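Trainee: I should like to work through this model with you, one question at a time. May we begin once it is displayed?

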Amino acid sequence: MAPKLGKGRANAVEHRRRGGRSKSRGRAFESLLVTVAAAAVVGLSHGQAPAMMNLRTVAGTGLVGWSDGPAREASFFRMEGLAVAPDGTVYVADTENRLVRRISPDLQEVTTLAGQLGVRETIDGRGTEAAFSGPTSLAVAPDGTIYAADSIGQVVRRITPDGEVSTLAGKVGVAGAADGKGEEARFNLVAGVAVDGEGNVLVADRLNHAIRRVTPDGMVSTIAGTPGRPGYRDGAALEAWLNQPTAVAAAPDGRVVFADTGNHLIRQITPDGRVETLAGWPGHPGYADGPGDRARFLYPRGVAVDSRGNTWVADTANHVLRCITPDGRVSTPAGQPGRRGWIDATGPWARFRELRGVAVDAQDRVWIADTWNQVIRVAEPGHANAPWQSAVLVSPGEEVEFGLTPSEGVNWLWEIVGRPAADTHVTVDPVAAQQEVVLSQPGRYTFRVRQFRPGKPEAAAIVDFLVLPPRRLRLNYPAGDLPEVRIPTGPGIDCVVEWSSDLRYWVPVDPVITRETEVSFYDEQPHGIRRFYRVRYQPGP
């Protein structure tokens with residue numbers, strides 16, 4: 001017998017605790033909204049790209065090695081960059097194998113385009129006659145020409161689609177900082193390349209702390225930074241200071257976006273020749289979503305810009321995929337900060353391990369070189385049924401209220417999809433719009449509401465609670481050392497320690513940050529400086 005459905009129209013899902021209230025209202029049939037932890041709103045929309053991305057592994061076994069063949073049976077060795085050609089071919093900078101590989105447009109086959117396995121040389125030639133010292137980044141021009149950052153070789157290489165390799169600019173094995181044509185130019189660790197709208201190659205010249213431009217005939221000029229002068233300063237492009245830029249991308253509106261890795265920033269060169277900080281705060285690494293200077297990154301090493309002007313970032317040391325909207329708001333569409341692994345899933349369930357390269361294709365799919373997992377992955381917008389478990393933290397025995405606003409034309413059904421094994425009495429009313437539930441046992445409670453509308457796909461949303469057990473904090477630390485923190489946690493609950501010297505910018509010891517602050521303390525540093533610590537609780541994996 002089919003279950004009885006609640007009837008009406010689900011405008012929004014709400015959650016509130018006794019004594020506090022958090023609400024969100026959504027429009028008609030466009031979205032089913034969940035509000036959790038006071039103010040976080042997640043929209044799961046029909047017909048619009050949601051804030052979550054779904055990860056899929058396209059090539060690689062996860063094991064270090066080299067083998068061509070069927071994509072999921074092929075192997076790589078710490079590939080750091082990739083690019084997508086107009087015909088859908090995915091090119092991979094297989095860094096430690098010293099090769100340029102390609103994945104066929106149907107994503108079924110991996111072959112080697114150019115290079116000699118394990119040979120650390122810089123040699124021009126066709127296919128396996130050529131050699132690379134350390135290819136770290138690739139870019140594809142509209143005509144199909146591939147450009148490679150041969151970082152250790154100190155040169156920019158050019159590769160035809162049939163595998164003919166030549167050196168476009170720089171002198172093999174000679175580091176320096178000089179503009180000029182072809183071999184007259186000098187680079188100091190070519191880290192990233194991109195192709196702009198005029199066919200020029202943009203170069204992240206890492207140890208020169210500069211962004212360079214190479215014309216199709218090999219003329220090199222500096223367009224941002226002061227070569228040999230690391231630091232941070234915005235302003236006129238040639239007077240700005242950069243700190244080890246490792247990736248660069250060309251935006252459709254003429255901007256040049258780059259990962260200023262040593263400063264933990266994403267910055268841009270405007271069409272009128274100025275360097276601006278797009279997101280992050282100089283010298284303050286960490287993890288935080290939000291607008292511009294309130295966001296935090298940890299050694300970002302990959303950037304790409306899609307057709308809508310969104311900047312995608314491989315936030316390498318946080319192990320997450322970030323997105324920056326054109327107005328500078330930063331979000332995390334895939335992965336969970338500080339959580340390493342290899343999991344194909346949607347949003348925060350996905351896991352990476354030091355992703356270093358990102359690229360976008362003509363459909364605005366995001367391609368990822370998941371470097372330490374040794375795999376190539378693709379991210380696409382998550383579908384409306386994808387759950388989002390951003391848990392509300394409560395205490396044992398607390399009564400919580402959550403629900404939706406009913407209206408005409410939509411039916412719904414509530415169900416319990418997870419609970420602590422010790423709680424055998426918790427129930428929900430499947431057809432009631434509003435739910436009142438006592439959460440009696442430590443652990444995770446997960447409730448799902450399914451929404452049905454004639455002629456439309458089914459939608460679903462998750463309301464998730466973590467019940468924290470009673471806890472005590474015991475600290476044992478000498479002045480100047482990281483304290484030893486012992487905090488009892490329950491199933492699915494972790495804690496994170498962060499420190500700061502000024503209480504404004506918190507740097508995670510384990511780079512994971514969440515909203516819940518439980519306790520703060522400090523130790524005394526030499527010269528009277530206090531270092532403050534705080535412990536945060538968060539949902540476990």
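Trainee: In which sense do strand β16 and strand β20 pair, and over how many bridges?

Mentor: The model is a predicted one, in which local features need pLDDT of at least 70, side-chain atom pairs count only at pLDDT 80 or more, and totals for chains, interfaces and linings use all residues. Residues are numbered from 1 along each chain as its sequence is written, and side-chain values use heavy atoms, with hydrogens and water left out. Strands are DSSP runs of E with at least two residues, and helices are runs of H or I with at least four, numbered from the N terminus; two strands pair if DSSP finds at least two bridges between them. Strand β16 (residues 180-181) and strand β20 (residues 219-224) pair in the antiparallel sense, over two bridges.

Trainee: Which residue in β20 is the bridge partner of Gly 180, and which stands opposite Arg 213?

Mentor: Strand β19 (residues 210-214) is joined to β20 by four bridges, and the two run antiparallel. For Gly 180 the partner in β20 is Val 220. For Arg 213 the residue opposite in β20 is Ser 221.

Trainee: Which residue takes a positive phi in the hairpin of β19 and β20?

Mentor: The hairpin has four residues between the strands. The residue with a positive phi, near 95 degrees, is Gly 218.

Trainee: Why is strand β17 described as largely enclosed by the rest of the structure?

Mentor: A residue is buried under 20% relative accessible area, exposed over 50% and partly exposed in between, with a 1.4 Å probe and protein chains only. Strand β17 (residues 190-195) is largely enclosed because its buried residues number six of the six.

Trainee: How many bridges join β17 to strand β18, and which residue of their hairpin takes a positive phi?

Mentor: β17 and strand β18 (residues 201-205) run antiparallel and are joined by five bridges. In one of these, Ala 194 has Leu 202 of β18 as its partner. The hairpin has five residues between the strands, and the one with a positive phi near 85 degrees is Gly 199.

Trainee: Which are the edge strands of the open sheet that has the order β26-β30-β29-β28-β27?

Mentor: This sheet is formed by five strands with antiparallel pairing. Within the sheet, strand β29 (residues 320-324) pairs with strand β30 (residues 329-334) over three bridges, and Cys 323 stands opposite Ser 331 in β30. The strands that pair on one side only are β26 (290-291) and β27 (300-305).

Trainee: Is Gly 302 buried or exposed?

Mentor: Gly 302 lies in strand β27. Contact means heavy atoms within 4.5 Å; leaving aside neighbours within four places in sequence, Gly 302 is in contact with residues including Trp 312, Arg 356 and Val 358. Its C-alpha atom is 8.9 Å from that of Glu 80, although the two are 222 residues apart in sequence. As its relative accessible area is 2%, Gly 302 is buried.

Trainee: By how many degrees are neighbouring strands turned in the open sheet of order β5-β33-β32-β31?

Mentor: Four strands form this sheet with antiparallel pairing, and its edge strands are β5 (53-59) and β31 (355-360). β5 pairs with strand β33 (residues 375-381) over six bridges, one partnership being Leu 55 with Ala 379 in β33. Axes are lines fitted to C-alpha atoms, for helices over the stretch in contact, and angles run from 0 to 180 degrees between N-to-C directions. With direction ignored, the average turn between neighbouring strands of this sheet is 25 degrees.

Trainee: Why does Asp 361 count as buried?

Mentor: Asp 361 lies in the loop between β31 and β32 (366-370). Beyond its neighbours within four places in sequence, it is in contact with Val 84 and Trp 367. Its C-alpha atom is separated by 7.5 Å from that of Gly 88, 273 residues apart along the chain. Asp 361 counts as buried because its relative accessibility is 9%.

Trainee: Over which ring does the charged end of Arg 233 sit?

Mentor: A charge sits over a ring if NZ of Lys or CZ of Arg is within 6 Å of the ring centre and within 35 degrees of the ring normal. Arg 229 lies over the face of Trp 241, at 3.6 Å from the ring centre. The charged end of Arg 233, 4.0 Å from the ring centre, sits over Trp 241.

Trainee: What percentage of the residues in the chain is buried?

Mentor: The chain has zero helices and 45 strands. Of its 541 residues, the buried share is 54%.
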